[in-house]
Amino acid sequence: MPQLLVRGISPSQLVPISTALIEELAAICQCGTDNFTIDCLSTTSVFGGEQVPTYPFIEVGWFERGQAIQDSFAAALARHVISIGVPEVEIAFRMYQESAYYINGRSCT
Amino acid sequence: MPQLLVRGISPSQLVPISTALIEELAAICQCGTDNFTIDCLSTTSVFGGEQVPTYPFIEVGWFERGQAIQDSFAAALARHVISIGVPEVEIAFRMYQESAYYINGRSCT
Amino acid sequence: MPQLLVRGISPSQLVPISTALIEELAAICQCGTDNFTIDCLSTTSVFGGEQVPTYPFIEVGWFERGQAIQDSFAAALARHVISIGVPEVEIAFRMYQESAYYINGRSCT
């Protein structure tokens, strides 16, 4: 963690920005870059009676870090995504509870 | 938003009902149809030692709208899905916090 | 439910353990095995300027069952996954609210 779950932006679009993006996000979080994952979900979207491109959306799964860090994280993430030509992107944070998170079966609490 | 994240129902099954479905859901929510997205996730399911069809499940991601609207939304969504021959479907709502939701890097609060 | 949403572990890896895994999890939950679903999400991951294998992660969606059952569930799940050669796995539980969960359009409350 943090985990970025991406819809509507392709892996090939993210490859060129991935290093600089994660370095900036790790600096904001004051954690190592190797805590981050970027997973692009394979999706097919439907609207108005036809298949359409998936709207760009990123869900960030992490432990609560406070509003200020979250605001900086969202701003940096959006800036990098928009820099590759994605016209708009929505980002939502989802908080994991440490009491409900396990590494190799052991609780994080 | 609202976002419909679909598992176990194919895009081609949803295409024919997508217009009427979204119009009815938008009427229930009293918002525009263009706020809605329907994303079908690509999944492979496993049970009892073999690959099996994915159980039909829809997660609705939105801001809290109250129990009455949520009940109507779920009933309409299930009715449309069952109308295309899906025998059963489970639907779960997931509430986003406005303080944790960003459009182009700007908070919704 | 419970629903296992899997990233970074392939369906073919899970097929051989699926029966024993679900039987053990059902015993822990004291519910029938046919309440369980295992859905593998199709993902492509990116890190450090290239595509990389997806980090093994399982999200468990269920109704709250208490810390002790959750701890046992996570330990059993991790043990089965590690038994097939997955070196590490993270597991997070996500609680559904019964008031926000519907079967065929009818609330679970």
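1. Of the residues of chain A, A:Ser42 approaches the rotation axis most closely, its C-alpha lying at 3.2 Å. This is a predicted model, in which local features need pLDDT of at least 70 and side-chain atom pairs count only at pLDDT 80 or more, whereas totals for chains, interfaces and linings use all residues. Residues are numbered from 1 along each chain as its sequence is written, chains are lettered from A and ligands numbered from 1 in the order in which they are written, and side-chain values use heavy atoms, with hydrogens and water left out.

2. A turn of 120° with a shift of 0.0 Å along the axis lays chain A on chain C with an RMSD of 0.0 Å. The two copies are thus related as by a three-fold rotation axis. The superposition is by least squares on the C-alpha atoms of residues with pLDDT of at least 70 in both copies.

3. At the interface of chains A and C, 26 residues of chain A are in contact with 32 residues of chain C (contact means heavy atoms within 4.5 Å). Only 12% of the interface residues of chain A are also interface residues in chain C, so the copies meet through different surfaces.

4. About 2300 Å² is buried between chain A and chain C, with carbon and sulfur atoms giving 52% of that area. Buried area here is the accessible area (1.4 Å probe) that two parts lose on being put together, summed over both. A:Asp39, A:Tyr102 and A:Asn104 supply 26% of what chain A buries against chain C, more than any other three residues.

5. Two salt bridges are counted between chain A and chain C (a side-chain nitrogen of Lys or Arg within 4 Å of a carboxyl oxygen of Asp or Glu). A:Arg94 and C:Glu59 meet in a salt bridge at 2.9 Å, N to O. On the side of chain A that touches chain C, helix 1 of chain A gives the most, with six residues. Helices (H or I, at least four residues) and strands (E, at least two) are DSSP runs, numbered from the N terminus.

6. A:Arg94 also forms a salt bridge with A:Glu59, the closest N and O atoms being 3.3 Å apart. This pair links strand 6 of chain A, which holds A:Arg94, to strand 5 of chain A, which holds A:Glu59, 35 residues apart. At 10% relative accessibility A:Arg94 counts as buried, and A:Glu59, at 7%, also counts as buried. Buried means under 20% relative accessible area, exposed over 50%, and partly exposed in between (1.4 Å probe, protein chains only).

7. Over all chains, the whole structure holds twelve salt bridges. One of them joins the side chains of A:Arg79 and A:Glu24 at 2.4 Å, N to O. A:Arg79 lies in helix 2 (residues 67–83) of chain A and A:Glu24 in helix 1 of chain A, so the pair ties together parts that are 55 residues apart in sequence. A:Arg79 is partly exposed, at 46% relative accessibility, as is A:Glu24, at 27%.

8. The aromatic pairs number 27 over all chains. Among them, A:Phe57 and B:Tyr96 form a tilted pair, 6.2 Å centre to centre and with 55° between the planes. This pair crosses between chains, from strand 5 (residues 57–63) of chain A to strand 6 (residues 90–96) of chain B. Both A:Phe57 and B:Tyr96 are buried. Rings of Phe, Tyr and Trp (its six-membered ring) pair if their centres lie within 6.5 Å; planes under 30 degrees apart count as stacked, over 60 as edge-to-face and the rest as tilted.
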